[in-house]
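Subject: Structure handover

Hello,

Here is the structure you were waiting for. Please load it first, then read my notes below.

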Amino acid sequence: MGVTGPPGPVMDRDEVDRALARLGAEHEAIETSLLALQDHAGRRLLEGAGLTGVTKERWASTEASITLLWAYFDAYSDALRSARDIRSRRRWSSREDLAELTELLRGESVTVAGSATATANAPTLAGSGKLSESFSLSTLVDRMNDLYASSLDLVVAADAVWSALPARIDLLAAELQRTRQLAHSVGVRPGEHPAGDDLERITHTLTSLREQVISDPLAFWVPAQGSSAPGGGRPDTTVYDREARALEDVRREIDAVLTVRQDAEQRLMRLRDVLSRADRTLAEARTARGEVLAKIAATEVPVVGGPPTVLQEQVAAASEYRRHGQWHRLSPLLESLERKAEDELLRARESLTAVTAPLAVRAELRGRLDAYKAKVARHGLAEDPFLIERYDAARRMLWSAPCDLRVAEQAVLRYQQAAAELLAAPRVPEQGGPQDHRGEQRP
């Protein structure tokens, strides 16, 4: 190689020896890294896999980068070997040797053939049309480090996805198979139960997901933000996690069906009991309505409906499902019937309350009237003719049939007012003859 003059001051022997030692250590480290990359399980898998999508495109570029890496390394090794040969000529290198070593160790003395970089689709020479490219040893090390980091990043990412997702998918698929068998045993099948349809969809999704992960692992890789370390990131488990949650929901549904199979008879008995109580309450409300219409006048009494025949038909259908072991049909029907039965019992109770409200009002008026009478008696005024007259008028209205509640309430109020006035009036001791409640002498 021709020497055009060393770049900068000529190195002395100590500087040359230190540079050769450093370059030798770098050479050894680079060689170790390249051999580790060559033996990396992820790289071997990538070489033998039928790749698709983004992984196929990026692996083609990475293979070219690895080829270029070895070309750079060979050139670096040759340059280092040449420098060592020159240094070993003499124990004390001459001025000419030192100048040549300075050019070799510091100058752009390493030439990489253009064919090598072109074969590797090297981005450094893309579109340049150069037949070769020259580097300094330090620049060449930087290039190798960059290519190695990008190549290792892809290999590690693909290997991480292959190490994580297929195994998890297989475990989930095994759990899916067990769930399918259990579902089939309780009648949960595609086309007959929503959970059966969900199991079918999850099966197809997991099968497709596994195929995609194997052929295009980089499509399921999320790089770490701001990370410069090769392989920084994590596998994208979004689809897997969604299907795992869906399978868990199906398992809960099947557990509910199994629970129905275990306690169906007790639930049906409780259901019939609730409906029976609702029927009895409605019957009581109908009887009470007749009583109200006979005893209370001028009152709007709501009509009492009959028991819903649809619920009875559905209860009969639930019994048939239990008899024939159709648990997947019985489970949602029982849940619906239990809600409807409680609603029906509540409706019956509200109907009874509404129908008997006039009787409750009459009872309240009666109680109020008797309470005031007792209060008047405690104050020694029970024999007051005025109060007796008003009491008797109110009592006749409240204990007659039919009772006009509005008129009876006014009569009770009049009695209350009279009693209140009498109790509030000052009591005058008797001196001559009896006095009324206003303090006037009675004849």
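Start with Ala-157. This residue is buried, with a relative accessible area of 2%. Ala-157 is found in helix H6, which covers residues 137–185. Leaving aside neighbours within four places in sequence, Ala-157 is in contact with Leu-218 and Trp-221. Its C-alpha atom is also separated by 5.2 Å from that of Gly-231, and these two residues are 74 apart along the chain.

One caution before the rest: this is a predicted model.

**Overall picture**

The chain has 13 helices and 6 strands. It runs to 443 residues, and 37% of them count as buried. About 24500 Å² is exposed, with carbon and sulfur atoms supplying 51% of that area. Take the contacts between residues at least 6 apart in sequence: 75% of them join residues at least 24 apart.

**The core**

The largest nonpolar core holds 109 residues. Which members touch the most others? They are Leu-46, Tyr-72, Leu-105, Met-144, Val-213 and Leu-271. Helix H8, residues 238–295, gives this core its largest share, 18 residues. In general, nonpolar side chains in soluble globular proteins tend to be buried together.

Met-144 is worth a click. Not counting residues up to four places away in sequence, Met-144 touches Ile-30, Leu-69, Tyr-72, Phe-73 and Tyr-76. Tyr-72 is itself on the list of core members with the most partners.

**Ser-151 and Arg-43**

Ser-151 lies in H6, the helix that also holds Ala-157. Is Ser-151 buried or exposed? It counts as buried, at 1% relative accessibility. With neighbours within four places set aside, its contacts are Leu-37, Thr-62, Ser-65, Ile-66 and Leu-69. Leu-69 is also a partner of Met-144.

Arg-43 is found in helix H2, residues 41–48. It is a buried arginine, with a relative accessible area of 6%. The C-alpha atoms of Arg-43 and Ser-151 are separated by 9.4 Å, while the residues are 108 apart along the chain. Beyond its neighbours within four places in sequence, Arg-43 is in contact with Leu-37, Gln-38, Trp-59, Ile-66 and Val-155. Leu-37 and Ile-66 are contacts of Ser-151 too.

**Two residues in H8**

Arg-267 is found in H8. It is buried as well, with a relative accessible area of 10%. Which residues does it meet, once neighbours within four places are left aside? Val-260, Leu-334, Glu-335 and Glu-338.

Asp-255 lies in H8 too. This one is partly exposed, with a relative accessible area of 43%. Asp-255 and Leu-182 are 73 residues apart in sequence and 9.6 Å apart in space, C-alpha to C-alpha.

**Leu-333**

Leu-333 lies in helix H10, residues 327–355. At 16% relative accessibility, Leu-333 counts as buried, because the cut-off is under 20%. It touches Gln-314, Ala-317, Ala-318 and Tyr-321, not counting residues up to four places away in sequence. Leu-333 and Tyr-321 are 12 residues apart in sequence, with 9.5 Å between their C-alpha atoms.

**Helix packing**

Two packed helices are described by the angle between their axes and the distance between the axes. Two pairs follow.

The first pair I looked at is H1 (residues 13–39) with H4 (residues 95–106). They pack at an angle of about 35°, with their axes 11 Å apart. Their crossing is left-handed. H1 brings Arg-13, Glu-15, Val-16, Ala-19, Leu-20 and Leu-23 to the contact; H4 brings Leu-98, Leu-101, Leu-105 and Arg-106. Leu-105 is among the core members listed above.

The other pair is H11 (residues 357–378) with H12 (residues 385–398). Their axes come within 11 Å and cross at roughly 160°. Angles over 145 degrees count as roughly antiparallel, so H11 and H12 are roughly antiparallel to each other. H11 passes H12 in a left-handed crossing. On the H11 side, the contact residues are Arg-362, Leu-365, Arg-366, Leu-369, Asp-370, Lys-373 and Val-376. They meet Leu-387, Tyr-391, Ala-394, Arg-395 and Leu-398 in H12.

Over to you.

Best wishes

Methods. Residues numbered from 1 in each chain as written. Predicted model: local features only at pLDDT ≥ 70, side-chain atom pairs only at ≥ 80, totals over all residues. Heavy atoms only, no water. Helix = DSSP H or I, 4+ residues; strand = E, 2+ residues; numbered from the N terminus. Buried < 20%, exposed > 50% of the residue type's maximum accessible area, 1.4 Å probe, protein only. Contact = heavy atoms within 4.5 Å. Areas by Shrake-Rupley, 256 points an atom, 1.4 Å probe, with all protein chains shown as cover. Core = buried A, V, L, I, M, F, W, Y, C linked by side-chain atoms within 4.5 Å. Axes fitted to C-alpha atoms, helices over the stretch in contact; angles between N-to-C directions. Parallel < 35°, antiparallel > 145°, perpendicular 65-115°, else oblique. Left-handed = near helix turned anticlockwise from the far one by under 90°.
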